[in-house]
Amino acid sequence: MLNRCHSSCTLLSSCSAVLFLVLLQNQIVSSALIVSMRNHHKSHHQRRPIIQGNQSSCALFAGTWVRDDSYPMYQSSNCPIIDPRFNCRMSGRPDSDYLKYKWKPLNCELPRFNGDDFLQKLRGKTVMFVGDSLGRNQWESLICMILAAAPQTSTKMSRGDPLSIFKFLDYDMSISYFRAPYLVDIDVIQGKRVLRLEEISGNANAWRNADVLSFNTGHWWSHKGSLQGWDYMETGGTYYQDMDRLVALEKGLRTWANWVDSNIDTARTRVFFLSISPTHYDPSEWSSGTTISASKNCYGETTPILSGSMSPGAYPEEMRVVDDVIRDMHNPAYLLDITMLSGLRKDGHPSIYSGDLSPQQKANPQRSADCSHWCLPGLPDTWNQLLYTALFF
């Protein structure tokens, strides 16, 4: 509820009055508060981004992409659950070299994913991806990778919003996806969407009993205009029409982190956080100073960036927030720090080869290319290979 309604007032009139006051307050809320929060963020996040956020003898997240003709690990035609917007081959992508790269960490070999081993080790368990459509990208990838190894196993699929579940019946194992782009709750109050930066229980009840939890968020926090997923943000009982988006992200992530610390038994449940998945809308981030890129985004890109040639400015500011929040957790989530290795894969996006696009949109890649999501098969398979490594090696 919009809350704080006096018991002697009717619910409708009280909430209307509170909403009016909130709207009025939004116009006069202290700009000093917002400036203070923004300055706190700028001073608090000047550390350089970490490459390897977890203790390990292998620097899993620093390395290079090398060609390997044994990839991909599955064919899109053999995996019926791939969302059309991720199914680049089905949507007419003509090149295939982007499927032939594997991630090579600096000082070790990444174990090859073994779908049968994954099923055996997680027999009777539940795996859940929670977050935005990048989490869905990874969820579908993992199911395809397992199906390629165990094509005869009995399965059952139920799609829903916010929860979709894929069950491997012979193993009593399920892999689920829960759509929660901000992780924290959104409530609809008098027709307005309110992003509750300090409330998460509405979503989190669905996550509580999973054996493996993989979270992600990031992209939706920067959306504006028609793409913005909320009308108001609420924190500390005050409603804002807007605030510094990195400040809002940090508040939401700390709510998530506090919930994990308070509600998840890490002796029973493994908790992962997928770092910010980069986009490739700006060729200046991968073109050298002497080279003029003919493309306006990822459209037409067919090869990875040479390791080390990515502009430092391409590292998302949001990762500094993720870094700080996870460092401060009592039981830190395992950070799958895929940001830099994914940043090298300008060739891995659907671009115009997405089932969501009309012929007219495909004819205008400058406006329509999807340089945020990833083709399947493709890069999210490597994310899951890293998840598999972190779980069992």
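The legends below describe close-up views of a predicted model.

**View 1. The largest pocket and the residues that line it.**
In this predicted model, the largest pocket encloses about 970 Å³ of space, and its lining is made up of 39 residues. Nearest the centre of the largest pocket lie His-219, His-223, Thr-279, Tyr-281 and Ser-372. Three elements, namely helix 4 (133-149), strand 6 (173-179) and helix 10 (365-368), each provide at least two residues of this lining, and the largest share, three residues, belongs to helix 4. Sorted by class, the lining of the largest pocket holds 13 nonpolar, 14 polar and twelve charged residues.

**View 2. The largest cavity and its lining.**
Four cavities of 30 Å³ or more are found in the structure, and the volume of the largest cavity is about 130 Å³. Its lining consists of 15 residues, and those nearest the centre of the largest cavity are Leu-99, Tyr-101, Gly-378, Leu-379 and Asp-381. Helix 11 contributes the largest share of this lining, with four residues. The lining of the largest cavity comprises nine nonpolar, four polar and two charged residues.

**View 3. The packing of helix 4 against helix 11.**
Helix 4, which also gives the largest share of the lining of the largest pocket, packs against helix 11 at an angle of about 75°, the two axes being 8 Å apart. Helix 4 is therefore roughly perpendicular to helix 11, since angles of 65 to 115 degrees count as such. On the side of helix 4, the contact is formed by Leu-134, Asn-137, Gln-138, Ser-141, Leu-142 and Met-145, which meet Pro-380, Asp-381, Trp-383, Asn-384, Gln-385 and Leu-387 in helix 11. By class, the residues of the contact of helix 4 with helix 11 comprise six nonpolar, five polar and one charged. Asp-381, a member of this contact, is also among the residues nearest the centre of the largest cavity.

**View 4. The crossing of helix 6 and helix 7.**
The axes of helix 6 (residues 245-263) and helix 7 (residues 318-327) come within 10 Å and cross at roughly 30°. Because angles under 35 degrees count as roughly parallel, helix 6 and helix 7 are described as roughly parallel to each other, and their crossing is right-handed. In helix 6, Leu-246, Leu-249, Glu-250, Leu-253, Arg-254, Trp-256 and Ala-257 meet Glu-318, Val-321, Val-322, Asp-324, Val-325 and Ile-326 of helix 7. The contact of helix 6 with helix 7 has nine nonpolar and four charged residues, with no polar residues.

**View 5. Backbone geometry in three loops.**
Most residues other than glycine have a negative phi, and most peptide bonds are trans. The peptide bond from Asp-161 to Pro-162, by contrast, is cis, with omega near 20°, and Pro-162 belongs to the loop between strand 4 (155-158) and strand 5 (163-168). A cis peptide bond also runs from Leu-376 to Pro-377, with omega near -5°, and Pro-377 is placed in the loop between helix 10 and helix 11 (379-392). Leu-183, although not a glycine, has a positive phi of about 70°, and this residue sits in the loop between strand 6 and strand 7 (186-189).

Notes:
Residues numbered from 1 in each chain as written. Predicted model: local features only at pLDDT ≥ 70, side-chain atom pairs only at ≥ 80, totals over all residues. Heavy atoms only, no water. Axes fitted to C-alpha atoms, helices over the stretch in contact; angles between N-to-C directions. Parallel < 35°, antiparallel > 145°, perpendicular 65-115°, else oblique. Left-handed = near helix turned anticlockwise from the far one by under 90°. Contact = heavy atoms within 4.5 Å. Nonpolar A, V, L, I, M, F, W, Y, C, P; charged D, E, K, R; others polar. 1 Å grid on protein atoms, 1.4 Å probe; cavity = no way out; pocket = protein on both sides within 12 Å on 5 of 7 lines; lining within 4 Å. Points joined across faces, edges and corners; volume = space filled by probe spheres on them.
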